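Dear colleague,

I am passing on to you the structure that we spoke about, and I would ask you to keep it open while you read. My notes on what was found in it follow below.

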Amino acid sequence: MDLQLTGKRALVTGSSSGLGEAIAKALATEGAQVVVHGRDRARTEAVADAIGAAGGSAVVSLGDLTTDDDADAVAETALAGGPIDILVNNVGAAPHRDWETATATDWSQIYELNVISGIRMIRRVVPRMHERGWGRVIQIGGGLGLQPTADLPHYNATLAARHNYTVSLARRLKGSGITSNAVAPGAILTGNARQYITDLAPDRGWGETWEEIERNAIEELVPNDVGRLGRAEEIAAAVLYLSGPLAAYVTGTTLRVDGGTIRGIH
Ligand SMILES: NC(=O)c1ccc[n+]([C@@H]2O[C@H](COP(=O)([O-])OP(=O)(O)OC[C@H]3O[C@@H](n4cnc5c(N)ncnc54)[C@H](OP(=O)(O)O)[C@@H]3O)[C@@H](O)[C@H]2O)c1
């Protein structure tokens with residue numbers, strides 16, 4: 001199926017690793033020109049190089065999106081090569097805290113990183129989409145924003161904020177040809193997740209092979225109907241759909257990609 005992404009230009013924030021990297025690579029595979037963004041030059045360039053080596057097109061943009069100055073620089077570099085058709089707000093982190101250890105400063109800092117980073121890019125990129133009457137704005141949210149746990153309260157709240165402003169933006173973009181949607185991943189198999197589970201496995205008796213360990217860990221930690229962690233490529237596939245003309249009638253929605261982890265109707 002042709003997703004009609006050839007020739008579109010996409011900025012994926014936080015694409016020097018993890019989900020953002022998978023999203024950037026998937027968009028490039030579908031023919032989009034991708035702006036790969038991160039703070040770490042070596043990691044960000046490595047992703048752009050890999051896209052180039054696979055026959056795709058990528059440029060690099062570096063900057064810390066918790067500051068206005070760097071956000072200006074990132075947007076300027078991204079827009080220098082042409083308009084941005086697809087903005088994927090993916091930057092984020094989940095520093096481990098609970099209700100007892102998360103200070104007011106922790107709550108404030110994670111809001112700055114996980115929420116306002118996206119707002120900064122929307123303010124810089126979406127006006128240019130208006131000029132052309134077409135655009136896609138996609139936030140990476142998460143299941144913990146819909147069904148929060150006791151742990152990571154500050155992080156959970158930022159995911160809920162992303163889902164919430166996604167809808168507000170969709171209403172603001174009414175009739176513009178620009179859509180705003182969120183993708184809400186469940187627990188995804190990243191390098192960090194694999195290390196965390198592998199470290200816990202011997203004490204919890206989850207098994208010997210990765211397949212056994214993953215199945216048992218998921219049942220205990222994040223039970224879902226598919227019985228495994230998600231893969232970054234599965235999040236990227238949802239972003240691909242929302243990025244193209246085929247999703248023109250989809251706006252203000254949160255697409256859950258979580259194996260059925262979230263039990264309610266959202
Ligand atoms: N992994 C999951 O299971 C999962 C589940 C639900 C939602 N999510 C969401 O998905 C997104 C990506 O998660 P991930 O696990 O792929 O994370 P990750 O591998 O840690 O990647 C985070 C990315 O954000 C960039 N970044 C971090 N702080 C930044 C800052 N201040 N300014 C600019 N860039 C910054 C990093 O760039 P540098 O390394 O170059 O600094 C990196 O490219 C996050 O928003 C997260 O909340 C993840």
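Which residue has a backbone N or O atom that lies 2.9 Å from an oxygen atom of the ligand? That residue is Asp 40, and the pair is a polar contact, a term used for two N or O atoms within 3.5 Å of each other (within protein, one must be able to donate a hydrogen and the other to accept it, and residues adjacent in sequence count only if both atoms are side-chain atoms).

Before going further, please keep in mind that this is a predicted model, in which local features need pLDDT of at least 70 and side-chain atom pairs count only at pLDDT 80 or more, while totals for chains, interfaces and linings use all residues. Residues are numbered from 1 along each chain as its sequence is written, and side-chain values use heavy atoms, with hydrogens and water left out.

The ligand

Two side chains also make polar contacts with the ligand: a polar atom of Asp 64 lies 2.9 Å from a ligand nitrogen atom, and an N or O atom of Tyr 155 is 2.8 Å from a ligand oxygen atom. On its own the ligand has 900 Å² of accessible area (by the Shrake-Rupley method with a 1.4 Å probe), and the protein covers 85% of that area. Helix H1 (18–29), strand E2 (33–38) and helix H5 (153–172) are the elements that give two or more residues to the shell around the ligand; helices (H or I, at least four residues) and strands (E, at least two) are DSSP runs, numbered from the N terminus. Of the 28 residues around the ligand, each with a heavy atom within 4 Å of it, those that come nearest are Ser 16, Leu 19, Arg 39, Asn 90 and Tyr 155.

The helices

Helix H1 also packs against helix H2 (residues 41–53), at an angle of about 25° and with the axes 10 Å apart, where axes are lines fitted to C-alpha atoms over the stretch in contact, and angles run from 0 to 180 degrees between N-to-C directions. H1 and H2 are therefore roughly parallel to each other, since angles under 35 degrees count as roughly parallel, over 145 as roughly antiparallel, 65 to 115 as roughly perpendicular and the rest as oblique. With helix H8 (residues 232–243), H1 packs at an angle of about 50°, the axes being 8 Å apart, and that makes H1 oblique to H8.

With kind regards
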